[in-house]
Amino acid sequence: MFMQEIIAIIRQNCINQVKKSLVEAGFYSITATRAIGRGRRPVESELLQVVNEDPDIGTELLPTLSQGGRLFPKRLVYLVVPEDRKQEAVDILMQCCRTGESGDGKIFVLPVKEALRLRTKEKNEQAIDEMRSPKEVS
């Protein structure tokens, strides 16, 4: 069986619900970190037109236009799951993080060729043991 790495860039305020929902579904092993970044949010052409037509209004809108390159705080979540549970994990992320608004984030799914647990030298599915609870593992 193959494994999949799921990388999600999400809003900061979603991280607690994501952690809770993943654990409830049996995805006990995740890694999360703080990140900053931006998506493709373009400068609106209507704003540029207003700035060009009316210099007085343009000076008020200038700070808004300059935010185009601004980096926003996000959370980066990583987890490796068996291939047959990939869609379940992706669905959980979508349910927890999707608002339908710009800035919801992205989910990337990549194949994992091999996983090794340093402590025990277990390989692949045994190294990620997504199907066992922490009590069974200890």
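In the predicted model, the buried residues of helix H4 are Ala89, Val90, Ile92, Leu93, Cys96 and Cys97. These residues cover an arc of only 155° around the helix axis, which places them on the same side of H4. Such an arrangement can be read against the general geometry of the α-helix, in which there are 3.6 residues a turn, so that residues three or four places apart point the same way. The buried residues of H4 pack against strand E1 (3–11) and helix H1 (15–24), and also against strands E3 (72–82) and E4 (105–112). The length of H4 was examined as well: the helix comprises twelve residues (86–97), which at 1.5 Å a residue should span 16 Å, and because its end C-alpha atoms are 17 Å apart, the expected and computed values agree.

With regard to the overall fold, the chain contains six helices and four strands, and these elements follow the pattern β-α-β-α-α-β-α-β-α-α when read along the sequence. Among contacts in the chain with a separation of 6 or more, 79% are accounted for by residues 24 or more positions apart. Buried residues make up 29% of the 138 residues in the chain, while the area that the chain exposes is about 9,600 Å², of which carbon and sulfur atoms supply 52%.

Aromatic side chains were also considered. A search of the whole structure finds zero aromatic pairs; Arg85, however, lies over the face of Phe27, at 4.1 Å from the ring centre.

Terms used
Residues numbered from 1 in each chain as written. Predicted model: local features only at pLDDT ≥ 70, side-chain atom pairs only at ≥ 80, totals over all residues. Heavy atoms only, no water. Phe/Tyr/Trp six-rings, centres within 6.5 Å; stacked < 30°, edge-to-face > 60°. Lys NZ or Arg CZ within 6 Å of the ring centre and 35° of its normal. Helix = DSSP H or I, 4+ residues; strand = E, 2+ residues; numbered from the N terminus. Buried < 20%, exposed > 50% of the residue type's maximum accessible area, 1.4 Å probe, protein only. Contact = heavy atoms within 4.5 Å. Areas by Shrake-Rupley, 256 points an atom, 1.4 Å probe, with all protein chains shown as cover. Expected span 1.5 Å × (residues − 1). Arc of directions from axis to C-beta.
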